[in-house]
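Here is a short briefing to read alongside the structure. Have it open in your viewer, and let's go through it topic by topic.

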Number of protein chains: 4
Amino acid sequence: MDFKTILKEVYTDLLQTKSNGQPASYIPELANIDPDKFGMHYCSVNGEHYGLGDHQEKFSVQSIIKVISLCLAFKTEGVKIWKRVGVEPSGTPFNSLVQLEHEQGIPRNPFINAGAIVICDILLSQLDKPKEEFLNFVNQLALNSTIQYNPKIAASEKDHGYRNAALINMMKSFGNIENPIEDVLDFYYDICSIEMTCEELAQTFQLFANNGCIPSSKERVITTSQSKRINAIMQLCGFYDEAGEFSFKVGLPGKSGVGGGIVAIHPGEYTVAVWSPRLNKKGNSYKGIQALEMLTTKSELSIF
Amino acid sequence: MDFKTILKEVYTDLLQTKSNGQPASYIPELANIDPDKFGMHYCSVNGEHYGLGDHQEKFSVQSIIKVISLCLAFKTEGVKIWKRVGVEPSGTPFNSLVQLEHEQGIPRNPFINAGAIVICDILLSQLDKPKEEFLNFVNQLALNSTIQYNPKIAASEKDHGYRNAALINMMKSFGNIENPIEDVLDFYYDICSIEMTCEELAQTFQLFANNGCIPSSKERVITTSQSKRINAIMQLCGFYDEAGEFSFKVGLPGKSGVGGGIVAIHPGEYTVAVWSPRLNKKGNSYKGIQALEMLTTKSELSIF
Amino acid sequence: MDFKTILKEVYTDLLQTKSNGQPASYIPELANIDPDKFGMHYCSVNGEHYGLGDHQEKFSVQSIIKVISLCLAFKTEGVKIWKRVGVEPSGTPFNSLVQLEHEQGIPRNPFINAGAIVICDILLSQLDKPKEEFLNFVNQLALNSTIQYNPKIAASEKDHGYRNAALINMMKSFGNIENPIEDVLDFYYDICSIEMTCEELAQTFQLFANNGCIPSSKERVITTSQSKRINAIMQLCGFYDEAGEFSFKVGLPGKSGVGGGIVAIHPGEYTVAVWSPRLNKKGNSYKGIQALEMLTTKSELSIF
Amino acid sequence: MDFKTILKEVYTDLLQTKSNGQPASYIPELANIDPDKFGMHYCSVNGEHYGLGDHQEKFSVQSIIKVISLCLAFKTEGVKIWKRVGVEPSGTPFNSLVQLEHEQGIPRNPFINAGAIVICDILLSQLDKPKEEFLNFVNQLALNSTIQYNPKIAASEKDHGYRNAALINMMKSFGNIENPIEDVLDFYYDICSIEMTCEELAQTFQLFANNGCIPSSKERVITTSQSKRINAIMQLCGFYDEAGEFSFKVGLPGKSGVGGGIVAIHPGEYTVAVWSPRLNKKGNSYKGIQALEMLTTKSELSIF
């Protein structure tokens, strides 16, 4: 059975399935989305595209963007970034302060909130016009120029961001934040507010399926080694404290966001993005994980 | 550059490198090994073999065997085992009681001591002659009939095993141990005492590089899905609290033991076993990790 | 209003009050007790006695005995015991392994299970016939010679004692247990199985109300300083993770047991023992705490 | 030997003793104090006063003031405050976030930083002119009108207060802070910056030695029950994670501050304040604890 047929089967099956989860409700902008939106977009490194359902509708990518901010920081700063953030799974919820206290302000990995905030701090120190340059980088990867921040989402998250304020103050107390707290949080909320379609997400992540080069343009963005290492971190840390479960069921590196998006990468083969806003208890898209599990089970193809 | 040339380069480089670590010293039998032993053995799914240094010398595989006991339990009991042990990385040292207490006696994964002990309990309930049948299973995978337990190692570990006794009593208090504590611990120390050469290890793990079939004999041991899932657990949990680091540097599923052995798997390609008794602070072979990092860096081949 | 009148009021009020808790059920021998038993016994340092309800009925004193084993260890070994057990409140449930792991096998205080087990280990090393000598010591303090161990209770607790086995193995792994694990646990379960009446308990604790001397016989058992220090530990650690609450409400040093007994001490004034088997969620006698709170509130007398 | 003679002996002994600790150095204003200052002031409920050394020199009382803010909140709000802060010892350092996360934003007690910040939030909601009214309350207890805030100390602490900012943001995320974060922290740093002499401190705490009445003026400030309960909290929580040790050695309720001050209360008898800026590892005055231990040991008088 070819891959497109499998994708279609998975989509059709799940379209009829009732999803139990609830969409993220902590900010009104996310709660207002139709919870039954469902889109998938597949993009092979050979340039094949295949989209289904709401795959061309924009949604808030949220934590998925943390892979891209890590990518830009790793590209510009190199291995120095690993002095300020680790590469180990956290084993605890995404916004836990406990480990941060035990481990002297060094976050476990760049995908938990604390780690992503440190990456933002690194970018702020490095870039001249962080907000503009970061968006340019995203649009470069997406071969697109229409991707934008959503200021309403950013403002709304900031208003409820006491937990993140606690995290950054904690890290500042350990000397692991260089820039003013307000500036770092503003930049963090900005990048999390970016909106993309499944199609754009699948395109943006193509470089991780192709050793650091954008396949269509042959443009090298990061080294092979950097690309492999970012995939490794996604594999171990991409799904909060459900990373093991995802790895076990799906067997691909990937990253989820509370907007209901998930992107997964089969290195050398393809990227795939799924969007379904209802989340499971661990904060990952309920139907998104189901879709990817069905995909790798039916195709019997994964990195393992 | 072909793979054998790379292997030889890695071996030659590291042979001349001084390793900083110390071998495991908590039992005399392990402390008496020459700490500068160094062997590597590569085995492709096509039947190519290539060994270097002390690759045909027996050593204590210790925790590496936990992959094989998991394999046998998964094969005989199926998905029921996941009610009694998780698949998430622990983020804490291999013998920690803390998580066990917080999580009601369910170990995080089958490779930390607590999880491996639960797997032993499952096998004890399932097998008629556990000790004999388990050894037969190992010899079947290794295409060999000379692999044995080392009763001295087993006895010595048991004498110092207060921490493991604490773990199993804790799990018993939560109802997650069925058999008598003494029997489970005896079986656990027996299987950890098995001795193999790098060559035997690389052979034994071939099925995980080949979707659950032993390549040379075409014998199916477990399903494709089970094989992929065991690889996924190795990827996330195979190196105690250094799993992220190993995944980041090496990019292959694998498992280490305090005897200084490491085995790694490139699904669809090969298995490789390394032995060097000096350990780093996290309890993994110092030179073993270096060797595998050099191997995947030079070959630019990993699952990512 | 004189103290006896207050005692009678408290007793009468509470006799009519329904208690919400449940008696300890983890061993059949404790579960079989009539849960509505209720006794109080007051004993002043001047020799005044006043008993109410079931104050002359024997019950299992359980953890209350840990004050007496501490007293004997402190008397015989002096300040050396504080190298092996701390004097800080634990802030966690009585049988937590977490702190023990973080604090290298040194229990927080002698009243949590781990600490009481260490005290038993100290007594085993110190006494020739521990079981006999300990009982003699209790009978000496109680001015009585009929107090006994209950072997059924001891055996029954041992059969369910996996959590305590975990604790002692953990401490043994850190080198904080000298004697064979079995022997220490046997002695621990023996002393916890002792049965006394409220009257006997109130008498036994008289020395702590009188700077270390038994008031009626003028016999000095421990020094003034030792007596004050044992009271201080009761104040901070006598009620598991409800110590602050008890101190706040009652304002006296004291100790509870899962048999439903509580004994409290007003230094220079009196001791009082209460027995009511229904326990609150923290494992302390529901009505016992109420009784003592009413007593010190009505009398407006406490150490504070 | 009378109490004054004992006081003089203690003072003379310790004056000649070298203290090993270091004064608090995290803010320049505290680091600039002569570390060998040493003062003691005793004040009985009968109006006897006795001062030694630097007992009339002002110093920063820091956390000692948290007893007074608790007193004012308890007086004005009553038992409602216990919904927002507990009365249990924390068993962890004074500024730990770990427990706060586990316990849903409810601090363990009003003397750890998080708890004191909640009390400040309660006072801000309750008082019309918090800063002015609070100072009036302190001066009322001290029978004095010259006690002041030190704005330099307050500003300096705020500049380094990332850990406290983390704590308050965390509690806000759990809904346990009503007022704007900035306002609460400003008030918190203000009250901690108050400066008093040993004499003023001993006087200010007289009400706790006298069931809630200021002895000299007979003015009732809080009820007997409230006074006893505040003493109980001091006993269990007054010295961070050294509360058990202090209770064990000294046997009196008390409170310390990083400025090197300690005040202790013998209910019905006296208050005593000691000042010596060198701190032990737990953040309590090294010589201050020694002085109080000698005092209660020589006098053989404590609450136990």
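Two residues are in contact here if their C-beta atoms, placed from the backbone, lie within 7 Å. Keep in mind that this is a predicted model. With that cut-off, the contact between chain C and chain B takes 12 residues from each of the two chains, while 30 residues of chain B are in contact with 30 residues of chain A.

**Where chain C meets chain B**

- On the chain C side of this contact, the elements that give two or more residues are α4 (98-102) and α8 (162-173) of chain C.
- The largest share of that side comes from α8(C), with 8 residues.
- Sorted by class, the side of chain C that touches chain B has 6 nonpolar, 3 polar and 3 charged residues.
- A turn of 180° with a shift of 0.0 Å along the axis lays chain C on chain B with an RMSD of 0.0 Å.
- The two copies are thus related as by a two-fold rotation axis.
- Which residue of chain C comes closest to the rotation axis? That is Ala166(C), whose C-alpha is at 1.9 Å from the axis.
- The copies meet through the same surface, because 100% of the interface residues of chain C are also interface residues in chain B.

**Where chain B meets chain A**

- Turning to the contact of 30 residues of chain B with 30 residues of chain A, α12 (224-237) and α13 (243-249) of chain B each supply at least two residues of the chain B side.
- The largest share of this side, 9 residues, comes from α12(B).
- By class, the side of chain B that touches chain A has 11 nonpolar, 13 polar and 6 charged residues.
- Chain B can be laid on chain A by a turn of 180° and a shift of 0.0 Å along the axis, with an RMSD of 0.0 Å.
- Here, too, the same surface serves both copies, as 100% of the contact residues of chain B recur in chain A.

**Chain pairs without contact**

- Chain A and chain C are joined by no contact, and their closest C-alpha atoms lie 11 Å apart.
- No contact joins chain B and chain D either, with 11 Å between their closest C-alpha atoms.

**The sheet, seen in chain C and chain A**

- In chain C, an open sheet of 5 strands with antiparallel pairing has the order β2-β1-β9-β8-β7.
- Its edge strands are β2 (49-53) and β7 (254-256) of chain C, each of which pairs on one side only.
- Neighbouring strands of this chain C sheet are turned by 5° against each other on average, direction ignored.
- How many bridges pair β1 (residues 39-44) of chain C with β2(C)? These strands pair over 5 bridges, in the antiparallel sense.
- Tyr42(C) stands opposite Tyr50(C), which belongs to β2(C).
- Chain A has an open sheet of 5 strands in the order β2-β1-β9-β8-β7, with antiparallel pairing.
- The edge strands of the chain A sheet are β2 (49-53) and β7 (254-256), each pairing on one side only.
- In chain A, the twist averages 5° from one strand to the next.
- Towards the β7 edge, 3 bridges join β7(A) to β8 (residues 261-266) of chain A, and these two strands run antiparallel.
- Lys255(A) stands opposite Val263(A) in β8(A).

**Helix α5 in chain D**

- Helix α5 (residues 113-126) of chain D has 14 residues and reaches 20 Å from its first C-alpha to its last, close to the 20 Å expected at 1.5 Å a residue.
- Is this helix largely enclosed or exposed? Helix α5(D) is largely enclosed by the rest of the structure, because 11 of its 14 residues are buried.
- Among the buried residues of α5(D) are Asn113(D), Ile117(D), Cys120(D), Asp121(D) and Leu123(D).
- These buried residues of α5(D) pack against α3 (65-77), α4 (98-102), α6 (130-141), α8 (162-173) and α9 (181-192) of chain D.

**Lys18 in chain D**

- Lys18(D) lies in the loop between α1 (3-15) and α2 (28-31) of chain D.
- With 7 C-beta neighbours inside 10 Å, Lys18(D) counts as exposed, because the cut-off for exposed is 12 or fewer.
- Lys18(D) and Lys287(D) are 269 residues apart in sequence, yet their C-alpha atoms are 9.0 Å apart in space.

How values were computed. Residues numbered from 1 in each chain as written. Chains lettered and ligands numbered in written order. Predicted model: local features only at pLDDT ≥ 70, side-chain atom pairs only at ≥ 80, totals over all residues. Helix = DSSP H or I, 4+ residues; strand = E, 2+ residues; numbered from the N terminus. Nonpolar A, V, L, I, M, F, W, Y, C, P; charged D, E, K, R; others polar. Least-squares fit on C-alpha atoms with pLDDT ≥ 70 in both. Pairing = 2+ DSSP bridges. Axes fitted to C-alpha atoms, helices over the stretch in contact; angles between N-to-C directions. Expected span 1.5 Å × (residues − 1). Buried ≥ 20, exposed ≤ 12 C-beta atoms within 10 Å, placed from the backbone.
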